[in-house]
Amino acid sequence: MNISLAILAVVSILFSSLTVYLDEDAISWHFGIKFWHRSIKLNQIASAKIITTKWYYGLGIRLTPVGWLYTVSGNQAIELTKVNGERVAIGTNDASGLIAQLNKRHIDFNT
């Protein structure tokens, strides 16, 4: 029982938040205390759009029909399609703001 609670506590800390940030040439994200860090170069993004995820996709890191989904709450995400066709969805509570920031930094892709 104590081991189960310890595992639950560790998982809760690792997946307690999802931080998404943009810099000059990439969009990056990580869970909790910089757990499971990922990034995509902006020049590798062919398109970006806001999507609504299904409740049964769950939370955390999931392989869905959309592609890999990274989320911690809610059902809003941005779907990024890379130039190689791979799709990634990143959960966010400000999808329209994130799309606007992507548009400012990467004018060439279609939204």
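Visitor: In strand 8, which residue stands opposite Leu69?

Guide: Strands of a sheet pair through backbone hydrogen bonds, either parallel or antiparallel. Two strands pair if DSSP finds at least two bridges between them, and the elements themselves are DSSP runs numbered from the N terminus, with at least four residues for a helix (H or I) and at least two for a strand (E). Here Leu69 stands opposite Ala89, and strand 6 (residues 67-71) is joined to strand 8 in the parallel sense by three bridges. Please keep in mind that this is a predicted model, in which local features need pLDDT of at least 70 and side-chain atom pairs count only at pLDDT 80 or more, while totals for chains, interfaces and linings use all residues. Residues are numbered from 1 along each chain as its sequence is written, and side-chain values use heavy atoms, with hydrogens and water left out.

Visitor: What is the order of the strands in the open sheet of five?

Guide: To read a sheet, we walk across it from one neighbour to the next. Here the order is 4-7-8-6-5, and the pairing is mixed. Strand 4 and strand 5 (60-64) are the edge strands, since each of them pairs on one side only. On average, neighbouring strands are turned by 20° against each other when direction is ignored; the axes behind such values are lines fitted to C-alpha atoms, for helices over the stretch in contact, and angles run from 0 to 180 degrees between N-to-C directions. Helix 2 packs on this sheet and touches strand 4 and strand 7, and its direction makes about 30° with that of strand 7; a touch, or contact, means heavy atoms within 4.5 Å.

Visitor: How many bridges join strand 4 to strand 7, and how many join strand 7 to strand 8?

Guide: We can count along each pair of strands in turn. Strand 4 and strand 7 run antiparallel and are joined by seven bridges, with Ala77 of strand 7 as the bridge partner of Ile51. Strand 7 and strand 8 also run antiparallel, through five bridges, and here Leu80 has Val88 of strand 8 as its bridge partner. These two strands form a hairpin with four residues between them, where Gly85 takes a positive phi near 95°.

Visitor: Why is strand 7 said to be largely enclosed by the rest of the structure?

Guide: A residue is called buried under 20% relative accessible area and exposed over 50%, and partly exposed in between (1.4 Å probe, protein chains only). In strand 7, six of the seven residues are buried, so the strand is largely enclosed by the rest of the structure. Lys82 lies in this strand, and with a relative accessibility of 18% Lys82 counts as buried. Lys82 and Ile45 are 37 residues apart along the chain, yet their C-alpha atoms are separated by 4.3 Å.

Visitor: In which order do three strands form an open sheet with antiparallel pairing?

Guide: That sheet has the order 1-2-3. Strand 1 and strand 3 (35-41) stand at its edges with a single partner strand each, so one side of each is left without a neighbour in the sheet. The average turn between neighbouring strands of this sheet is 15°, direction ignored. Helix 2 packs on this sheet as well, touching strand 1 and strand 2, with its direction at about 25° to that of strand 1. Five bridges join the antiparallel strands 2 and 3, and Ser28 has Ser39 of strand 3 as its bridge partner. Ser28, which lies in strand 2, is buried at a relative accessible area of 5%.

Visitor: Which residues touch the most other members in the largest nonpolar core?

Guide: A nonpolar core is a set of buried Ala, Val, Leu, Ile, Met, Phe, Trp, Tyr and Cys residues joined through side-chain atoms within 4.5 Å. The largest one here has 19 residues, and those touching the most other members are Ile27, Trp29, Ile40, Ile78, Leu80, Ile90 and Leu102. Two or more residues each come from strand 1 (18-22), strand 2 (26-31), strand 4 (45-52), strand 7 (76-82), strand 8 (87-91) and helix 2 (95-105). Helix 2 gives the largest share, four residues. There is also a second, separate core of six residues, including Ile51, Val66, Leu69 and Ala89.
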